[in-house]
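This briefing walks through selected features of one structure, grouped by topic. Please read it with the sequence and the coordinates open alongside.

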Amino acid sequence: MVGAFSAMGVTGMMIAFGVIVYGGYNMYQDNKAGNPASKKYISFLLVGALLMVIAGTGVANKSAHSNSESTVAESKETQSVSHDEVQYTTLTASSSSESVVKEETIEDKVSNLIKQGKAFGPRSYTAGQVPAGEYVFVATKYGASKYYSEDDAAGEIIDNENFSSFGYVQVHATGNLTTRGTLVNVDSLGELGVSGAKELYEKLNDKQNYNGPGMYKIGVDLPAGMHTVSSTGSAYVAVVTGPVGNSDIVDNENFNGDYAVNLADGQYLEMSRAMFKN
């Protein structure tokens with residue numbers, strides 16, 4: 001019963017107050033009439049006070065419970081907001097990550113050409129695996145050997161070359177072929193964003209303005225005109241009409257010091273243990 005009255009809260013307090021008022025009023029009337037206070041009215045006061053305390057406890061409990069529910073609700077709302085913020089941050093980070101597209105490197109582009117059969121990596125090939133045509137030969141920074149060789153159908157060497165860095169070869173597709181550098185068909189150089197063997201060599205080997213040993217195509221890797229070459233040892237230069245495997249010698253020389261060569265568009269310059277002076 002006490003629990004039920006406590007649960008009544010404010011209503012219980014009003015009833016208790018009424019009991020106190022009733023007892024107090026009757027005691028006042030008795031005193032006014034000169035009669036001693038009746039015990040029953042004193043009992044009303046005590047009971048009313050007790051009920052007031054019980055009802056007040058119920059109100060306090062309800063208030064505490066209400067505050068607790070409010071706190072829980074606020075906590076849930078905070079957690080919800082926090083969750084939404086985390087979810088938004090995660091989505092934003094994911095979106096930012098997806099928007100960052102990896103830039104394709106020159107190595108990636110060469111690999112794509114190899115997959116398409118327009119370029120060929122360092123290894124040996126049988127007749128026809130590398131289609132006939134003109135190719136650039138490019139040594140990479142990790143390649144120790146720079147050798148190239150092709151045989152005819154009878155197994156005789158058509159031509160071979162130990163390149164210093166880069167050059168040009170004519171593939172006949174008649175016999176076994178061995179390359180220790182990467183071969184790229186000259187018709188596919190545009191897909192790599194380069195014009196010739198020199199530029200491709202620079203990009204693959206992180207070099208700029210390279211002017212050392214190599215096989216240069218005039219009008220592509222080197223402008224036509226008079227050029228002076230300086231030796232860095234026992235030097236050799238040769239001006240030829242075409243790539244390795246399809247060329248005739250126009251001029252060649254072993255020298256120490258400086259040597260001048262006059263070059264025309266379409267010619268090729270082979271140079272070893274030397275560099276351009278101008």
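**Helix H5 and its surroundings**

In helix H5, the residues Ala197, Lys198, Leu200, Tyr201, Glu202 and Leu204 are buried. The model is a predicted one, and the values that follow should be read with that in mind. Because six of the eight residues of H5, which spans residues 197–204, are buried, the helix is largely enclosed by the rest of the structure.

**Packing and exit of H5**

- The buried residues of H5 pack against one helix, H4 (106–115), and against the strands E3 (133–138), E6 (166–171), E8 (182–185) and E9 (214–217).
- Just after H5, the backbone at Asp206 adopts a positive phi of about 55°.

**A salt bridge within H5**

- Two of the buried residues of H5 also carry charged side chains that meet each other, with Glu202 and Lys198 forming a salt bridge at 2.9 Å, N to O.
- Glu202 and Lys198 are four residues apart in helix H5, and are therefore separated by about one helical turn.
- An α-helix has 3.6 residues a turn, so residues three or four places apart point the same way.
- Glu202 counts as buried at 11% relative accessibility, and Lys198 likewise counts as buried at 17%, since the cut-off for buried is under 20% relative accessible area.

**Salt bridges between other segments**

- A search of the whole structure finds four salt bridges, among them the pair of Glu191 and Lys118, whose side chains meet at 2.9 Å, N to O.
- Glu191 lies in the loop between E8 and H5, whereas Lys118 lies in the loop between H4 and strand E1 (119–120), so the pair ties together parts that are 73 residues apart in sequence.
- Both ends of this bridge are partly exposed, Glu191 with a relative accessible area of 40% and Lys118 with a relative accessible area of 29%.
- Another salt bridge joins Asp258 to Lys277, with the closest N and O atoms 2.7 Å apart.
- Because Asp258 sits in strand E12 (residues 258–263) and Lys277 in the segment after strand E13 (268–276), this pair ties together parts that are 19 residues apart in sequence.
- Asp258 is partly exposed, with a relative accessible area of 43%, while Lys277 counts as exposed at 56% relative accessibility.

**Aromatic pairs and a cluster**

- The count of aromatic pairs comes to ten.
- In the pair of Tyr201 and Tyr210, the ring centres are 5.2 Å apart and the planes stand at 65°, so the arrangement is edge-to-face.
- Tyr201 and Tyr210 are both buried, and Tyr201 is one of the buried residues of H5.
- One aromatic cluster is formed by Phe166, Tyr201, Tyr210, Tyr216 and Phe276.

**The cavity**

- How many cavities of 30 Å³ or more does a search of the whole structure find? The search finds one, and the largest cavity has a volume of about 30 Å³.
- The lining of the largest cavity is made up of Tyr125, Thr126, Ala127, Gly128, Val130, Glu150, Val171, Ala173, Gly175 and Leu177.
- Sorted by class, this lining has six nonpolar, three polar and one charged residues.

Methods. Residues are numbered from 1 along each chain as its sequence is written. This is a predicted model: local features need pLDDT of at least 70, side-chain atom pairs count only at pLDDT 80 or more; totals for chains, interfaces and linings use all residues. Side-chain values use heavy atoms; hydrogens and water are left out. Buried means under 20% relative accessible area, exposed over 50%, partly exposed in between (1.4 Å probe, protein chains only). Helices (H or I, at least four residues) and strands (E, at least two) are DSSP runs, numbered from the N terminus. Contact means heavy atoms within 4.5 Å. On a 1 Å grid over the protein atoms alone, a cavity is a set of points where a 1.4 Å probe fits but cannot get out, and a pocket is an open set with protein on both sides within 12 Å along at least five of seven lines; lining residues have an atom within 4 Å of a point. Grid points are joined across faces, edges and corners, and a volume is the space filled by probe spheres set on the points. Ala, Val, Leu, Ile, Met, Phe, Trp, Tyr, Cys and Pro count as nonpolar, Asp, Glu, Lys and Arg as charged, and the others, Gly among them, as polar. Rings of Phe, Tyr and Trp (its six-membered ring) pair if their centres lie within 6.5 Å; planes under 30 degrees apart count as stacked, over 60 as edge-to-face and the rest as tilted.
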